[in-house]
Amino acid sequence: MQLESMYQEIILDHYRHPHHKGLREPFDAEVHHVNPTCGDEVTLRVTIKDAGGEPAVADVSYDALGCSISQASVSVLTDLVIGKPVSEAMDIGAEFLALMHSRDGAEPDEDVLGDAVVFAGVAKYPARIKCALLGWMAWKDATAQAIGTPDGEHR
Amino acid sequence: MSIDVARIRKDFPILDRTVRGGRPLVYLDSANTSQKPRQVIDALTDFYERHNANIHRATHELGEEATAAYEGARIKVAGFIGASDETEVVFTKNISEAINLVAYALGNVAGGRLRIGEGDEIVITEMEHHSNIVPWQLLCQRTGATLRWFSVTPDGRLDLDQADDLINERTKVVAFAHQSNVLGTINPVADIAARAHAAGALVLVDAAQSVPHGLLDVGSLGADFVGFTGHKMCGPTGIGVLWARRELLDEMPPFLGGGEMIETVWMDRATYAPPPHKFEAGTMPIAQAVGLGAAVDYLSELDLAAVRAHERNLVERALHALAEIDEMRILGPTVPVDRGSAISFTLEGVHPHDVSQVLDDRGVAVRAGHHCAWPLHRALGVQSSTRASFYLYNTPEEVDALAEGIRTAQKFFGVT
């Protein structure tokens, strides 16, 4: 059975007990993203704070309907980016995107990705990559709106 | 009355392969696209190896052969659906194009008495595939007509009590599925068509899910337009069909302009070829049409009533097996009456994507999502579902593999 390579225990834990779930106030930007192939959806809010002259992620809150992969992915995301400078959080997002598009390839960088390395197995299933990216794309979009920069290229 | 499934399976080379590290393939996704018999694959190869040329314009022997094969496929399709006149069969690339062709023609100023405008109403249903929703939304946006729809009852049937209100003197088109791609529900076409015709409306039937099972006879159906697609009926992708009554095709303006759909062309105007060629602009999917003809031959050689009986047995077995699973909700009719061979379900505690992933790991191919019927899922109060669909080559053992896989998914995700 190859299932365990995708459904790592950490993913199932986050799915059953999601972190930082629920929509909170105040927030600087809110987005609603949908995966049109399956109807999974996430409403996600970000709050930005100033950390020594540079924007940082104060909070990410969300409400989501979806499969284990999309739910666990947004939960792991919140653990990784809350409290980080936006620039560092964006680097993590870029690394995660690269991992998802690597297909059997590159060793994920655990120093950057932390728990998110467990999603490496998802990259082998093209149909599920969008599930893993749903929350990340929403977060990137909301953060770009909150700090007033144009959105990134991966919409 | 029975069919030899083991013999039929030998005709489908793909059913021999394994998936996911050696698991035998259990293909339960035929409502999405069917597998192809050797006879169809050979027809495509033979066409490209022996007869390939453009049709209706090549003045050489290959061109004659290609044209004869293409037009021969049209005659076969006409025979298969009970059409007495093959010029009523228009080839398209799929059913989406067939429905768009009609919706576009009816919104075109050149449409004459068929033209739709402000104050007119189009009636569809909540159980439609997106391909029988969005073209009508676009038509209404272009013309100012109003879109209305039948609701679906909790047990997955059309709420026909709404017919008197919905179908009235303002109604210009009533468009609906012969068989739901999600629920399996078979709709009472003749009944709805009679009401629509009494009100002076045209009737379009989406037969994508019924034609593969030999359920379509346009002579008795009562529809004015019928669309279906080749790839769900053992044929290739890239070829679909619009059948329409000839006098409607005569009146309708062309959909796409281009080569082969013309009679004469000047710099400022053109006249058009008679149907069906008026609607077949540009080089058509010729080999695919020939392949569809081979698919029709293949199906016609079977006892289709026996095929349907076989499929009904599979559905009955599946409905029983699924009903015994805890946390299971079957969407649509739970009895095999007026219902085809697609079964969609939800499982409390396990998302459809995760159900299908576990099934896939065991070699069982199903579909998860909204199956291009998002409004229907919303109406039934579910976000998405898992769908298993059965066809002539499926076996009772494969139904059992489905049920066993669902139980495994429940165990894996800790639901039972």
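Visitor: What pLDDT does chain B average, and what share of the residues score at least 70?

Guide: This is a predicted model, and pLDDT is the predictor's confidence in each residue, from 0 to 100. Chain B averages 96 on that scale, with 100% of the residues at 70 or above. For the model, the scores are ipTM 0.88 and pTM 0.94.

Visitor: Which domains does the assignment give for chain B?

Guide: A domain need not be one continuous stretch of numbering here: domain 1 of chain B covers 5–30 + 303–412, while domain 2 covers 42–300. Taken over C-alpha atoms, the centres of these two domains of chain B are 28 Å apart.

Visitor: How many residues does each domain of chain B bring to the contact between them?

Guide: A contact here requires C-beta atoms within 7 Å. Domain 1 of chain B contributes 22 residues and domain 2 of chain B contributes 25 residues. On the domain 1 side, the elements giving two or more residues are α11 (304–323), β14 (342–347) and α13 (374–379) of chain B. Of these, α11(B) has the largest share, four residues. Sorted by class, that side of domain 1 of chain B has twelve nonpolar, five polar and five charged residues.

Visitor: And between the chains, how many residues come from chain B and how many from chain A?

Guide: The contact takes 15 residues of chain B and eleven residues of chain A. On the chain B side, α12 (352–361), β16 (367–369) and α13 each supply at least two residues. The largest share, four residues, belongs to α12(B). The class count for the side of chain B that touches chain A is four nonpolar, eight polar and three charged residues. Element α13 of chain B therefore appears on two lists: the side that touches chain A and the side of domain 1 that touches domain 2 of chain B.

Visitor: In what order do the seven strands of the open sheet in chain B run?

Guide: A sheet is read strand by strand, from one edge to the other. In chain B the order is β4-β10-β9-β8-β7-β5-β6, and the pairing is mixed. The edges are β4 (89–92) and β6 (146–150) of chain B, each of which pairs on one side only. From one strand to the next, the twist averages 20 degrees.

Visitor: How many bridges join β9 to β10 of chain B?

Guide: Five bridges do, between residues 225–229 of β9 and residues 240–244 of β10, and these strands of chain B run antiparallel. One of the residue pairings is Gly227(B) with Leu242(B), the latter in β10(B).

Visitor: Which peptide bond of chain A is cis, ending at Pro26(A)?

Guide: The angle to read is omega. For the bond from Glu25(A) to Pro26(A), omega is near -10 degrees. Pro26(A) sits in the loop between α2 (9–16) and β1 (29–34) of chain A. In chain B, the bond from Pro275(B) to Pro276(B) is cis too, with omega near 5 degrees. The loop that holds Pro276(B) joins β12 (270–272) and α10 (286–300) of chain B.

Visitor: What is phi of His56(B), and where is this residue found?

Guide: Phi of His56(B) is near 65 degrees, a positive value in a residue other than glycine. His56(B) is in the loop between α2 (38–51) and α3 (61–80) of chain B. Glu260(B) also has a positive phi, near 70 degrees, and lies in the loop between α9 (246–251) and β11 (262–265) of chain B.

Visitor: Why does His56(B) count as partly exposed?

Guide: The count of C-beta neighbours decides: 20 or more means buried, 12 or fewer means exposed, and in between means partly exposed. His56(B) has 16 such neighbours inside 10 Å, so His56(B) counts as partly exposed. Glu260(B) is also partly exposed, because it has 16 C-beta neighbours inside 10 Å.

Conventions: Residues numbered from 1 in each chain as written. Chains lettered and ligands numbered in written order. Predicted model: local features only at pLDDT ≥ 70, side-chain atom pairs only at ≥ 80, totals over all residues. Domains from an automatic or database assignment. Contact = placed C-beta atoms within 7 Å. Nonpolar A, V, L, I, M, F, W, Y, C, P; charged D, E, K, R; others polar. Pairing = 2+ DSSP bridges. Axes fitted to C-alpha atoms, helices over the stretch in contact; angles between N-to-C directions.
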